[in-house]
Amino acid sequence: MGWLLAAGILVGGCAGQSATPSPAATPASATPQSDASGSAPMAMAGMDHGHQMPGMAPITIPPGALITEADVHFMQGMIAHHAQAIYMTRMAESAGASPRVLKLASKIDLSQAGEIRLMQGWLGDYKQSVPDTSSWRTMSMPGMLTVEQLSRLAEARGANFDRLFLTFMIQHHEGALSMVDDLFAAPRAGQEIDISVFANDVHTTQTAEIGLMHQMLEDIPE
Amino acid sequence: MRSTRPGFLPVLRQLAPALTLVASVAFTPLVASLDAQTMPSPTDPRNNLKFGLNNAGEAIEGMRLLGTAPKPPAFDSMSGLTFVNSDMAFKGNYVYQGNFSGFSIWDVSNPAAPKMVSQVPCVTSQGDPSIIGNLLFISAEGGGNRNDCGKGGVTDPADHMAGVRIYDVSNPAAPRLVKNVQTCKGSHTHTVVSKPSDKTNIYIYVSGSQGARPETELAGCKSGDDPADESNSLFRLDVIKVPIARPQDASVVTGARIFTGLGPAPARGGRPRAGRPDASGNVPAPTGPRNCHDVTSYPELGLLAGACGSYGILVDVSNPEKPRRLDAIADTMFSLWHTAVFSNDGKMVVFTDEWGGGTSPNCQSMHPLEMGGNTMLTIGPDKKFKQHAYFKIPSAQSAQENCVSHNGSLIPVPGRNIMVQGWYQGGVDIFDFTNPDKPVELGYFDRGPVDGPPADGRMADASRGRGTIAGSWGAYWFNGRIYSSEMARGMDILELVPTAQLSANEIAAAKLVMYDEFNPQSQPRVTWPAAFPVVRSYLDQLVRDGGLATARTTSIATALDAAEGQTGSARRTALTNLAAQVDKDVAGAKDGAKVRTMAAAIRDLANATR
């Protein structure tokens, strides 16, 4: 139950679950079973690239607002997307990941937990439904791991974990890039300044991390 | 305290060998021991300052606050980034301060009470300014910026303005828009690159962090995957040529393709590798940088340091229309190579890492040193980078303070490399990087967070929103003072006060360096006039660092005082004799190089004496 605090504001989840605030813990001491739902992954919708948000309230954009439905979808979806990435990073320590992978996992964890708080705040400011950190279990966004992929990752150890983690995180990050591209391709979307800055930051950071992970993959002995 | 915190840091320390993932493209990296680094102190006076917008607690060391200019009412909003202040440029008594919704021109003749000369509302994220003569350049990037500066966003793509706005500010009370120069990726930041031999044109290197606009919106724009494709709008910096006398003719003349051949950031020493085909034979798309976040030019040396996402890049810009990459370096702990500052001799560069984009509270006790701080690089005679230490402010900032290393400039103290820098809500910070392996903090000015902590100890109140984004966007030395652009609170003007680490003579010498205008990302070469404070700066440094025997430094100090008490040829003779004596001190001194420099400064002073 570690990173809820870091992840910040908690309101009703995508699937209408109510999140349980948790005591603080450091990323390194957290366990993979550390998100709000505390149960095994379920109801994953697979690799569907649609913006399905079961349980989310319909999006209402006030007339004259600078934000669009696509903006809200992006922020809601990226919370779920980030939340799953953090769930993955929390597996690294107990899976016996290499020091380099462990360090990358910590970096992703620290970075994306802060970004979730930012996204939740943005949605709250615009009076939109705010997914919590368990939302990845019920929302499907591009690049997110399937139940089957998550199970494989959970069972992997050592170098096998490293390889799988990097492979899946590349897939995961590439999904985030496509979410950014989709956002800016949507009519009038991405004009509000905070989402514009944030989406560009996500693209820059995750592009760099994808490059790094490709290199790290090549460096794992066969 | 970071060093005793359970979890992350002990892991880092165990990982010392893994730090080889800090990599130079051209070198096997050598990274200084983490033990040399600054770590957060549990007793730092900056920790736990009282929150408040206008009444926050303050901690200050080595500086004095001269004045604060509050934000103009039109920009006085605390919601998100819409109205935050951004970067600054300087000319004479004027400070040009950007804002995500326009810009302000301040008259700072009286630093205790800066006077607003004009305030131009214009939706223009992020509004980075540069001043050249009477021309003010303003960066515009976001999708909601319009040609007419208006609010409400862009409905007709023909109204979209992304690029560089050029204003005539010959009458600072009434800036006049000359031209909107459109670019394919807009302008997140921009940098003036001049050619010393060309007095009629300047070049604006434009860094845009967004993707390319569709060709239907701006002709000639194209998004592609091939960095070498000349028609690809990505993987290049747009270069605007501005005829100074005819700014209305400014246009994009070329693209600086400085990324070609750069693959993914190398995780270890060695050149970047092309991606290896996967099991299905697919070669991964290039994931090297497709743009810079910001670049810093040093026209007199014909160099440019590009802070380009996953790389720091060194570029030869002696011909601004034909830039040539000299080296690239990666550090995989850096999330976003963000800004660069050269040392005055051009042998070092400080690069910053804007981990989290500036809106996250990334200077808390659990955050590692290698993320969200500075790193020092040296530039060898072969124009290749080598990475040295990291520096991060040694305070433990709160969860309510967006904090990461951000923009700054040199403080021109002779004989030392000193930089002042904004760290958002981490405040204004001054550090010495003369030894790139052992950066040392010299001073700071920090306020408590704008927002208080959540009442129940956690961030559970969604109605509270995101928290206020605030703090020092950039802190710069200009003509004897430090100016800090406070995103939410306005502008702070500070001056240095002497400490054990920075003497009155060193401060006086820095104040001798004066410019007509200053754009922090376009570095002029600092030269000092022949003056007693310059000589005494070297002497103070020799005393402080034990570079010369005490008996000699005492004697030299006495001789300098005596010479200053004389005039004309008597002073000249006294100084000439002193220089000859100091020449003889070089051989036996611990820091012979500095003694030699001091002797030269004494001789210059003698020669300048009439």
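Select Gly546(B) to begin: this residue follows α3(B) and has a positive phi, near 65°. Helices in this tour are DSSP runs of H or I with at least four residues, strands are DSSP runs of E with at least two, and both are numbered from the N terminus. The model is predicted: local features need pLDDT of at least 70, side-chain atom pairs count only at pLDDT 80 or more, and totals for chains, interfaces and linings use all residues. Residues are numbered from 1 along each chain as its sequence is written, while chains are lettered from A and ligands numbered from 1 in the order in which they are written.

**Helix α3 of chain B**

Step back from Gly546(B) and select residues 532-545 of chain B, which form helix α3. The end C-alpha atoms of this helix are 20 Å apart, which agrees with the 20 Å that its 14 residues should span at 1.5 Å a residue. That expected span is 1.5 Å times one less than the number of residues.

Is α3(B) mostly covered or mostly uncovered? Mostly covered, with ten of the 14 residues buried. A residue is buried if 20 or more other C-beta atoms lie within 10 Å of its own, exposed if 12 or fewer do, and partly exposed in between, with C-beta atoms placed from the backbone. Colour the buried residues of α3(B), among them Pro533(B), Arg536(B), Tyr538(B), Asp540(B) and Leu542(B). Then show α2 (504-510), α4 (550-564) and α6 (592-608) of chain B, against which the buried residues of α3(B) pack. Here contact means that the C-beta atoms of two residues, placed from the backbone, lie within 7 Å.

**Strand β28 and its partners**

Next select residues 472-478 of chain B, strand β28, where seven of seven residues are buried. Strands count as paired if DSSP finds at least two bridges between them. Add strand β24 (residues 407-411) of chain B, which runs parallel to β28(B) and is joined to β28(B) by two bridges. Asn407(B) stands opposite Gly474(B) there.

Now add strand β29 (residues 481-486) of chain B, which pairs with β28(B) in the antiparallel sense over six bridges. Label Phe478(B) and its bridge partner in β29(B), Arg481(B). The hairpin of β28(B) and β29(B) has two residues between the strands, and Asn479(B) takes a positive phi near 50° in this hairpin.

**Two open sheets of chain B**

Which order do the strands of the next sheet follow? The order is β20-β21-β22-β23 (chain B), an open sheet of four strands with antiparallel pairing. Its edge strands are β20 (337-342) and β23 of chain B, each pairing on one side only. Neighbouring strands of this sheet are turned by 25° against each other on average, direction ignored. Such angles are taken between axes, which are lines fitted to C-alpha atoms (for helices over the stretch in contact), and run from 0 to 180 degrees between N-to-C directions.

Within this sheet, select β20(B) and strand β21 (residues 348-353) of chain B, an antiparallel pair with four bridges. Trp337(B) stands opposite Asp353(B) in β21(B).

Then move to Lys383(B), in the loop between β22 (374-379) and β23 (385-391) of chain B. Lys383(B) is not a glycine, yet has a positive phi of about 60°. This lysine counts as partly exposed because there are 14 C-beta neighbours inside 10 Å.

The second open sheet also has four strands and antiparallel pairing, in the order β12-β13-β14-β15 (chain B). Its edges are β12 (189-193) and β15 (251-256) of chain B, each pairing on one side only. The twist from one strand to the next averages 30°. Select β13 (residues 201-207) and β14 (residues 237-243) of chain B, which run antiparallel and are joined by six bridges. Label Ile202(B) and, opposite in β14(B), Val242(B).

**A cis bond**

Zoom in on the peptide bond from Ser125(B) to Gln126(B), which is cis, with omega near -5°. Gln126(B) lies in strand β8 (residues 126-132) of chain B.

**Chain A**

Last, hide chain B and show chain A, whose secondary structure comes to six helices and zero strands. Of its 222 residues, 64% count as buried. Among chain A contacts between residues at least 6 apart in sequence, 79% join residues at least 24 apart.

Finish at Arg188(A), in the loop between α5 (158-185) and α6 (193-219) of chain A. Its phi is near 65°, a positive value in a residue other than glycine. With 17 C-beta neighbours inside 10 Å, Arg188(A) counts as partly exposed.
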